[in-house]
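Below are some numbered remarks on the model, set down for a colleague who will work from it at the bench. They start with a question and then go through the model element by element.

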Amino acid sequence: RPVPGIEYRGKTPSIMEARRARAAQKIAQIEVWRTRLRQVALFAAILISGGLLIIPRPPLLLIVLVICFLLKNPLRVFKSEFAGIWLLLAATVAVALIGGESFQLGPLTIRLANFLAAIALLLLYIDERPGKISSDLFPILFLMAFQAILTPIVEKLIPQFFWTFQVHDTTYQTFLYIFNFHEFVAGATFFKRPDGFFFEPGVLQMYLNILVFICLFVRRFSPWQIGVATLGVLSTQSTTGVAILTLQYVVAYLRWVKIADRGKKLVVLVLAPILLVPIALYATVNFADKVYGEGSGSAEARKYDLRTGLSVVREKPLTGIGFDYEKYFDLAAQVGYREAELSLENITDRSNSNGVVTLLYSVGIPLSLVFLLGLFRQRLFRPRLLFSMIILLSSFSEALLLNPMLLLILFSGLLIKPAKKPDLRPKSPMARQHGSRLRPA
């Protein structure tokens, strides 16, 4: 029996320390597994934005839901903090039924499944610090940057190993379904534009610009990581992507100048413009090619989508037309932009590539403003305004806003902060005696 008053430093403390160490190790292992599961869920949600073409979307949605509800209690979504999101979804269903003038079972089910997946993803990060989702995304997006950089190089080195497959009217080239690209104009560029795991380089550039954002504003400064992310964006040869990349570098440059000391400030002032010149020249050449060169068809198609989409919005500005593409095709045939320099084959049954316009004509202007408000109030990435601009600008060239990954970001801005509970703990005698003098100002 231990004798009272004597401190023991023998066997018992070492056993307790070993137990604590084993417990800490188990906790660390569990956290690693939780992180890996969150990353799998994020990767599945990212693939839904375009998707590896051999994987259908329903299994990806199922993976997201199963992992999220495995890690978090699904009943949490019925708490008051999610009330704003549920009200928005109820209003969305209502206007889709009113504007669509019919019960659009198939399109509405797909959208609601995306909404549910976004809410489930939000459960994973609602209690985490803002940088957690960036830490989970970084390794996924960093591998995508290497994928984008290596695709044109691999195509030049071993073009005979690429094979073709058809999706609707588009022919894709792939090697192992990892290095993917397609061309609308054969031989238009010397280096092929990588698609990554998506249908379009425009989708890939958005995620790679998010990687640049994480490297510049979230993670500790690393020139090597920033260089890989930047090359990844440039390899997509996306005009929108290069514009967003330039915007990020300008903001980072202004921030560095503001916080740097006198010695570093001189280096930043001299070197930063030199590093930005090649990007600016590339952006100029890319823009000229898309407007006047062989890639001008892309700019003409974007113009057609914008003008036609806005014409459809004017038909039903308050409720939209719902999520049925057939209804959009019918209205586009009636009120579509007729002066586009595109063939009839290219504009017949053409889906709209402008994500903001798609949102406007689907649910109407009032509800679209609520969705966009959620985007600019999002709480997952800081600085908030710059990240929101990355998503918004990317959405002008790709219809992405109603996919789970971006809905996750939108819905985070619609969460209702729970009211602070009053402090019911008993006060100490000194606190009772001095009253307000011990309260914080």
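Where is Y177 found?

1. Y177 sits in the loop between strand 2 and strand 3. This is a predicted model, and the backbone at Y177 deserves a look: its phi is near 60°, a positive value in a residue other than glycine. The side of the question that concerns solvent is settled by a relative accessibility of 25%, so Y177 counts as partly exposed. Buried would require a value under 20%.

2. Overall make-up. The protein chain contains 16 helices and three strands. It has 441 residues, and buried residues make up 45% of them. Among contacts with a separation of 6 or more, 72% are between residues 24 or more positions apart.

3. The strands. Strand 1 (residues 163-167) and strand 2 (residues 170-175) run antiparallel and are joined by five bridges. One pairing to check on screen is F165, whose bridge partner in strand 2 is Y172. Strand 2 also pairs with strand 3 (residues 179-182), again in the antiparallel sense, over four bridges. Here F175 stands opposite F179 of strand 3.

4. The two hairpins. Two residues lie between strand 1 and strand 2, and in that hairpin H168 takes a positive phi near 55°. The hairpin of strand 2 and strand 3 has three residues between the strands, and L176 in its turn has a positive phi of about 65°. Y177, discussed above, is found in the loop between these strands too.

5. Helix 13 (355-376). How far apart are the end C-alpha atoms of helix 13? They are only 16 Å apart although the helix has 22 residues, short of the 32 Å that a straight helix would reach at 1.5 Å a residue. The helix bends by about 120° at G364, and a proline, P366, follows within four residues. Of the 22 residues of helix 13, 16 are buried. By way of comparison, helix 2 (residues 57-71) has 15 residues and reaches 22 Å from its first C-alpha to its last, close to the 21 Å expected. Buried residues of helix 2 include L60, L61, V64 and L65.

6. The start of helix 13. A side-chain oxygen of N354 reaches to within 3.1 Å of the backbone nitrogen of V356. S353 is placed in the loop between helix 12 (344-347) and helix 13. Is S353 buried or exposed? Its relative accessibility is 12%, so S353 counts as buried. Leaving aside neighbours within four places in sequence, S353 is in contact with R302, D305, S395, F396, S397, E398 and A399.

7. S362 and L97. S362 is found in helix 13 and counts as buried because its relative accessibility is 3%. Not counting residues up to four places away in sequence, S362 touches T319, G320, I321, G322 and F323. I321 also lies 8.4 Å from L97, C-alpha to C-alpha, with their positions 224 residues apart in sequence. L97 itself belongs to helix 3 (residues 83-100). With a relative accessible area of 32%, L97 is partly exposed. Its contacts, apart from neighbours within four places in sequence, are S102, F103 and L108.

8. Nonpolar cores. The largest nonpolar core has 105 residues, of which F371 and F411 touch the most other members. Helix 6 (residues 201-218) gives the largest share of this core, 13 residues. Apart from it lies another core, of five residues, among them V154, F162, F175 and F179. As for F371, its contacts beyond four places in sequence include L88, T92, F115, L402 and F411.

9. Two further backbone points. Which peptide bond is cis, with omega near 5°? The bond from R382 to P383 is, and P383 is placed in the loop between helix 13 and helix 14 (384-395). Elsewhere, Q237 has a phi near 55°, a positive value in a residue other than glycine. Q237 is in the loop between helix 7 (223-235) and helix 8 (239-259). At 14% relative accessibility, Q237 counts as buried.

Terms used: Residues are numbered from 1 along each chain as its sequence is written. This is a predicted model: local features need pLDDT of at least 70, side-chain atom pairs count only at pLDDT 80 or more; totals for chains, interfaces and linings use all residues. Side-chain values use heavy atoms; hydrogens and water are left out. Buried means under 20% relative accessible area, exposed over 50%, partly exposed in between (1.4 Å probe, protein chains only). Contact means heavy atoms within 4.5 Å. The expected span of a helix is 1.5 Å times one less than its number of residues. The bend at a residue is the angle between axes fitted to the seven residues ending there and the seven starting there. A polar contact is a pair of N or O atoms within 3.5 Å; within protein, one must be able to donate a hydrogen and the other to accept it, and residues adjacent in sequence count only if both atoms are side-chain atoms. Two strands pair if DSSP finds at least two bridges between them. A nonpolar core is a set of buried Ala, Val, Leu, Ile, Met, Phe, Trp, Tyr and Cys residues joined through side-chain atoms within 4.5 Å.
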